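Hello,

Here is the structure we talked about. Please open it first, then read my notes below.

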Amino acid sequence: MNEHKEGNQLIWKISENYKYFGGLSLAYGLIFTFCLYKNMSGITFPICVVATIVFAVQFMKKIHYQLRKYSYPYIIGMVLLGISTAFTTSFFLHFFNLIGIVLLFFVFMIHQFYNDSVWNFPAYLKRICILFGTMLQCIPYPYQHGAGYLNKNKDQKNNSTLVAVAIGFLVAIGILSVILPLLLKSDAIFSRLFGEILRYINFGTILGICLTFIVGFTLCYAFFSALCKYNFPEGRERKMRYYHPVIGITFTSIVSVIYLVYCTIQIMYLFIGMQSGLPENMTYAQYARGGFWELLFVSIINFVMVLLCMHIFPENRILKIILTVISGCTFIMIFSAGYRMFLYIGAYHLTFLRILVLWFLIVLTMIMSGVIVNIYKRQFPLFHYIMAVVSVLYIGFSFSRPDTIITRYNIAHSENMEEQDIYYLLYHTSWDAAPEIAKINLEDYEWDTEWIEEDIRSYFRHIEEESEGIYFRKANYSRIMAKKAAEEYLNK
């Protein structure tokens, strides 16, 4: 009840200080627009990330919330992801960098406002969803509070004048939408003159800039209003209902027996290499490739199953042992999936998807290690551990610019490269790969390379054309290096 009262007081304080909080949101909207309008990968992207952090600190200072010590890792992670975005042209990395920044920002702000040290993994996920929903509910707040501020600080005459101007403006737009097309049709000279004026006014751009500004302003104000509502205060957590542990022991015992048999087969046939028992008409490479995705999916199911068992069943020694066995079998499945993928890469080279799943297997291995610790130590901060693992490994993955690694590896192992492998590099990788593609020496290949040479030149001509007009706001390291590689290749 006290937290709810404090939340209402904070919302009231934000409303009463609309000149400060609204002004801060307006300033953020301007920076948001300048940095991100039609530009989600330029040098201004990390600037926007830093600005978001600075504005968040200013909001908190006004309501007397100090920056906590353990908030700095979240800030560093956000800034690094922002910088990484300006170093690559990969849409995949741009998208997931943005998702990562938003998640880190949510957790950072939750940590600032709440005592999150006692929350378990499901509780944290639930609260992130609640905060997102509350933010959507608070979208009208910047306008409601703004209207209240104007009513409070302006006399009735000024208010009436402002409303009258707004109404008159809307009526004028309505009338002109009917009259203007008729006038344009009635007189050729007027139509030509109006067309010349419109040529210098891009209404699409103006509308886009206005919408971007509105999004930045609204989200800034609504997000902090949502935080201040205290929708999940301490002491309101519902008591967890546990199920009888025998239920968990029964089904996990059956599953673990199947897993033990399966893992024995993996060790015998895949790791040791007893190929004599392979099914008829199946090569070793086919066997290695065949079950990768299934194993990956089963490993994810195991992670969810172990988490659920720890959440819905009370602590039980036998159940802990069985969950440990399932986790151990999961490690073998992960290793089996990774081994299969390495065998397949050795035969068919790297692709973005293949390098991504290898990365994911490493992440899953470390997460399952944390899960095993959590089985025996319920107070282990599993959510923060997973956040740290995923953040650190993803930031490393993002800065590695995978398309560059893929292209470099495939060219270095080009003894069995075919035409489709070259086409994959040209049409299925980002511009991160351009400097490496420029190093391809077609004289090393025995097949007809005339058409491929023309495709490569067309690829670099496209880069050169699309790179025209790169200026400060849209400057991107990978785009600049691709343009340089294109110029050098075309001038050979």
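**Salt bridges**

Lys439 is exposed, at 56% relative accessibility. Keep in mind that this is a predicted model. Lys439 pairs with Glu436 in a salt bridge, and their closest N and O atoms are 3.5 Å apart. Is Glu436 buried or exposed? Glu436 is buried, with a relative accessible area of 9%. The cut-off for buried is under 20%, and exposed means over 50%. So this bridge joins an exposed Lys439 to a buried Glu436. There is a third partner to look up: Arg408, Glu436 and Lys439 are linked in a network of salt bridges.

How many salt bridges does a search of the whole structure find? The search finds five. Side chains of opposite charge can pair when their charged atoms come close.

Two further pairs deserve a look. Arg461 and Glu454 meet through their side chains, at 2.7 Å from N to O. Arg461 is partly exposed, with a relative accessible area of 32%. Glu454 also counts as partly exposed, at 38% relative accessibility. The other pair is Lys320 and Glu315, whose side chains form a salt bridge at 2.8 Å, N to O. Lys320 is buried, at 16% relative accessibility. Glu315 is partly exposed, with a relative accessible area of 49%.

**The cavity**

Lys320 comes up again here, as one of the residues that line the largest cavity. A search of the whole structure finds one cavity of 30 Å³ or more. Its space is about 30 Å³. Rolling a probe the size of a water molecule over the atoms shows where empty space is left. The lining is Met310, Pro314, Asn316, Leu319, Lys320, Leu323, Ile375 and Arg378. By type, five of these residues are nonpolar, one is polar and two are charged. Which helix gives the largest share of this lining? Helix 14 (residues 317-348) does, with three residues.

**The second largest pocket**

This pocket has a volume of about 810 Å³. It is lined by 26 residues. Nearest its centre lie Leu103, Trp359, Val363, Ile386 and Val390. What kinds of residue make up the lining? The count is 24 nonpolar, two polar and no charged. Five helices each supply at least two lining residues: helix 5, helix 6 (121-137), helix 13 (292-312), helix 15 and helix 16. Helix 15 gives the largest share, seven residues.

**Helix 17**

Now turn to helix 17, residues 402-412. Its buried residues are Pro402, Asp403, Thr404, Ile406, Thr407, Asn410 and Ile411. What covers them? The cover includes helix 5 (91-113), helix 15 (352-376) and helix 16 (382-399). Helix 18 (419-427) and helix 19 (434-437) are also part of the cover. An α-helix has 3.6 residues a turn, so residues three or four places apart point the same way. Try tracing the buried residues of helix 17 with that in mind.

**Cysteines**

How many disulfides does the structure hold? It holds zero. Take Cys329: it is in no disulfide, and the nearest cysteine sulfur, that of Cys263, is 3.9 Å away. A disulfide needs the two sulfur atoms within 2.5 Å, so a separation of 3.9 Å does not count as one. Cys329 is buried, with a relative accessible area of 3%. Cys210 is partly exposed, at 38% relative accessibility.

Best wishes

Conventions
Residues are numbered from 1 along each chain as its sequence is written. This is a predicted model: local features need pLDDT of at least 70, side-chain atom pairs count only at pLDDT 80 or more; totals for chains, interfaces and linings use all residues. Side-chain values use heavy atoms; hydrogens and water are left out. Buried means under 20% relative accessible area, exposed over 50%, partly exposed in between (1.4 Å probe, protein chains only). Helices (H or I, at least four residues) and strands (E, at least two) are DSSP runs, numbered from the N terminus. Contact means heavy atoms within 4.5 Å. On a 1 Å grid over the protein atoms alone, a cavity is a set of points where a 1.4 Å probe fits but cannot get out, and a pocket is an open set with protein on both sides within 12 Å along at least five of seven lines; lining residues have an atom within 4 Å of a point. Grid points are joined across faces, edges and corners, and a volume is the space filled by probe spheres set on the points. Ala, Val, Leu, Ile, Met, Phe, Trp, Tyr, Cys and Pro count as nonpolar, Asp, Glu, Lys and Arg as charged, and the others, Gly among them, as polar. A salt bridge is a side-chain nitrogen of Lys or Arg within 4 Å of a carboxyl oxygen of Asp or Glu.
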